[in-house]
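Okay, everyone, thanks for coming. Let me put the structure up, and then I'll walk you through one small part.

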Amino acid sequence: MAGFQLVKGTREGPEPIEIGALRELAEESGLQAEVSRTLPSSSAIADKQLWHFVVVIALAPLAEHWRHFTHDDGGHWFEFFWWPLERQPGPEWHPMFQRALAHIARHA
């Protein structure tokens, strides 16, 4: 019901951006990765929020689609797929995530 989303989350305390990104990625998607580089941050994605973007390299082969169960907030099943950056996101994406994808595409 929430539409298409990106893996994202909130840093825990003074957690470095890159460590928080890897933790959120593992928690929400089950993927283990290492940081490749960071992209510029943006305050234009969501009101009163500063978003950080981290490019990662997966540590294992990746499927085209997969499901992952996370225990956060009582448990959720998330379904994942890869979105080509050159493809414009449609109405299935919340405007906030449309802005995030445009930011990533500009700086990737």
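Before anything else, a word on terms: a helix here is a DSSP run of H or I with at least four residues, and helices are numbered from the N terminus. With that in hand, have a look at helix α1, which covers residues 17-29. Keep in mind that this is a predicted model.

Does the length make sense? What span should we expect for α1, at 1.5 Å a residue? Its 13 residues should span 18 Å, and the end C-alpha atoms are 18 Å apart, so the two agree.

Now let's pick out two residues. Glu18 sits in α1. Is Glu18 buried or partly exposed? Its relative accessible area is 30%, and buried means under 20%, so Glu18 counts as partly exposed. Beyond its neighbours within four places in sequence, Glu18 is in contact with Val35, Thr38 and Val54.

Ser29 is in α1 too, but here the relative accessible area is 3%, so Ser29 is buried. Its side chain reaches the backbone oxygen of Leu25 at 2.5 Å. A polar atom of that Ser29 side chain also lies 3.1 Å from the backbone nitrogen of Leu31. Setting aside neighbours within four places, Ser29 is in contact with Val7, Glu24, Trp66, His68 and Phe80.

And what covers the buried residues of α1? The cover includes strands β1, β2, β3 and β4. Among those buried residues are Gly20, Arg23 and Leu25.

One last thing: right after α1 comes Gly30, with a positive phi near 85°.

Notes. Residues are numbered from 1 along each chain as its sequence is written. This is a predicted model: local features need pLDDT of at least 70, side-chain atom pairs count only at pLDDT 80 or more; totals for chains, interfaces and linings use all residues. Side-chain values use heavy atoms; hydrogens and water are left out. Helices (H or I, at least four residues) and strands (E, at least two) are DSSP runs, numbered from the N terminus. Buried means under 20% relative accessible area, exposed over 50%, partly exposed in between (1.4 Å probe, protein chains only). Contact means heavy atoms within 4.5 Å. The expected span of a helix is 1.5 Å times one less than its number of residues. A polar contact is a pair of N or O atoms within 3.5 Å; within protein, one must be able to donate a hydrogen and the other to accept it, and residues adjacent in sequence count only if both atoms are side-chain atoms.
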